[in-house]
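Q: Could you take a close look at one part of this model for me, the spot that the database record flags, and then show me how the rest of the fold sits around that spot?

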Amino acid sequence: SLTEETEALLNKQIMMEGKSSAYYLSMASWCDTQGYARSAQFLYTHSEEERDHMLRLFNYVNDAGGHALQPEITGIKHKFKSLREVFELILKHEIEVTLSINSIVDHCFQTKDFATFNFLQWFVTEQREEETLARRALELFDIIGEEGVGLWTIDQEIGNLEGAE
Ligand code: OFO
């Protein structure tokens with residue numbers, strides 16, 4: 001079963017995934033208000049996926065004899081400077097999430113909690129995919145350019161990225 005330290009780390013990760021979900025929901029709403037309909041849809045879906053990540057951890061903690069805690073989520077940003085900023089912030093956030101997952105994986109390895117180590121491999125793969133997706137989205141801004149119908153086209157292409165998830 002889980003040590004107290006591992007349980008605390010997993011609860012911290014639950015909080016991070018919950019925060020990701022709230023953050024992306026807020027970004028989705030902002031995109032909606034700016035007319036970036038495809039990006040909004042992409043982010044609503046992404047927000048739901050983050051909630052699934054949170055629940056995956058939630059169930060694991062309780063199944064392993066711990067106590068999963070519903071996180072308090074505050075301080076979510078509501079306004080953004082541009083569509084590009086939204087995706088820059090997503091990449092930055094996902095890199096932080098990856099570092100957090102990696103440090104828990106490392107802790108599990110050091111403490112020989114191989115069950116949790118194994119459970120976390122799904123997240124290792126997922127994080128690699130999420131970072132790639134955020135980088136792909138950001139590349140669109142450089143490839144297409146934001147002038148004229150550029151932003152409209154970028155929004156369409158972001159909608160098409162979802163298939164790549
Ligand atoms: Fe949960 O993968 Fe993003 O944060």
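A: **A close look at the flagged spot**

Leaving out residues up to four places away in sequence, Glu-17 touches Glu-50, His-53, Met-54 and Leu-57. Keep in mind that this is a predicted model. Glu-17 sits in helix H1, and it counts as buried because it has 24 C-beta neighbours inside 10 Å, where 20 or more is the cut-off.

Now go to the other end of one of those contacts. Glu-50 belongs to helix H2. With 21 C-beta neighbours inside 10 Å, Glu-50 counts as buried too. Apart from residues up to four places away in sequence, Glu-50 touches Glu-17, Ser-20, Ser-21 and Tyr-24.

Here's where the record comes in. UniProt, in an unreviewed entry, puts the feature "binding site" at Glu-17, Glu-50, His-53, Glu-94 and Gln-127. These positions span 111 residues in sequence, yet no two of their C-alpha atoms are more than 13.0 Å apart, so they gather at one spot. Two of the flagged positions, Glu-50 and His-53, are also on the contact list of Glu-17.

Next, the frame around that spot. The protein chain has 5 helices and 0 strands, and from the N terminus on its elements run α-α-α-α-α. Its C-alpha atoms fill a box of roughly 55 × 25 × 20 Å along the principal axes. Of the 165 residues in the chain, 30% are buried. Among contacts between residues at least 6 apart in sequence, 73% join residues at least 24 apart.

What about the nonpolar packing? The largest nonpolar core has 21 residues, and Met-27, Cys-31 and Leu-43 have the most contacts inside it. Each of these helices supplies at least two residues of this core: H1 (4–34), H2 (37–63), H3 (83–110), H4 (114–144) and H5 (150–161). H1 gives the most, with 6 residues. If you want one residue to click on, try Met-27: leaving aside neighbours within four places in sequence, it is in contact with Leu-43, Phe-80 and Val-86. Apart from the largest core lies another one, of 7 residues, among them Met-16, Val-97, Ile-101 and Cys-108.

H4 deserves a look of its own. It has 31 residues and reaches 46 Å from its first C-alpha to its last, close to the 45 Å expected at 1.5 Å a residue. Even so, H4 bends by about 30° at Leu-120. Leu-120 is also one of the buried residues of H4, along with Thr-116, Phe-123, Glu-130, Leu-133, Ala-134, Ala-137 and Leu-140. What covers these buried residues includes H1, H3 and H5.

Both ends of H4 have a backbone angle worth checking. Lys-112, in the loop between H3 and H4, has a positive phi of about 60° although it isn't a glycine. Most residues other than glycine have a negative phi. Lys-112 is exposed, with 8 other C-beta atoms within 10 Å. After H4 comes Gly-145, whose phi is positive as well, near 85°.

That leaves H5. It has 12 residues and reaches 16 Å from its first C-alpha to its last, close to the 16 Å expected at 1.5 Å a residue. Its buried residues are Leu-151, Ile-154, Asp-155 and Ile-158. They cover an arc of only 100° around the axis, which puts them on the same side of H5. The buried residues of H5 pack against H2, H3 and H4.

Finally, use Trp-152 as a reference point for two distances. Ala-37, in helix H2, is 115 residues away from Trp-152 along the chain, but their C-alpha atoms are separated by 9.6 Å. Ala-37 is partly exposed, with 13 other C-beta atoms within 10 Å. Glu-72, in the loop between H2 and H3, is 80 residues from Trp-152 in sequence and 36 Å from it in space, C-alpha to C-alpha. Glu-72 counts as exposed, with 8 C-beta neighbours inside 10 Å.

Technical notes: Residues are numbered from 1 along each chain as its sequence is written. This is a predicted model: local features need pLDDT of at least 70, side-chain atom pairs count only at pLDDT 80 or more; totals for chains, interfaces and linings use all residues. A nonpolar core is a set of buried Ala, Val, Leu, Ile, Met, Phe, Trp, Tyr and Cys residues joined through C-beta atoms within 7 Å. A residue is buried if 20 or more other C-beta atoms lie within 10 Å of its own, exposed if 12 or fewer, and partly exposed in between; C-beta atoms are placed from the backbone. Helices (H or I, at least four residues) and strands (E, at least two) are DSSP runs, numbered from the N terminus. Two residues are in contact if their C-beta atoms, placed from the backbone, lie within 7 Å. The expected span of a helix is 1.5 Å times one less than its number of residues. The arc is that of the directions from the helix axis to the C-beta atoms. UniProt positions are given in the numbering used here, feature names are shortened, and annotations may be inferred rather than shown by experiment. The bend at a residue is the angle between axes fitted to the seven residues ending there and the seven starting there.
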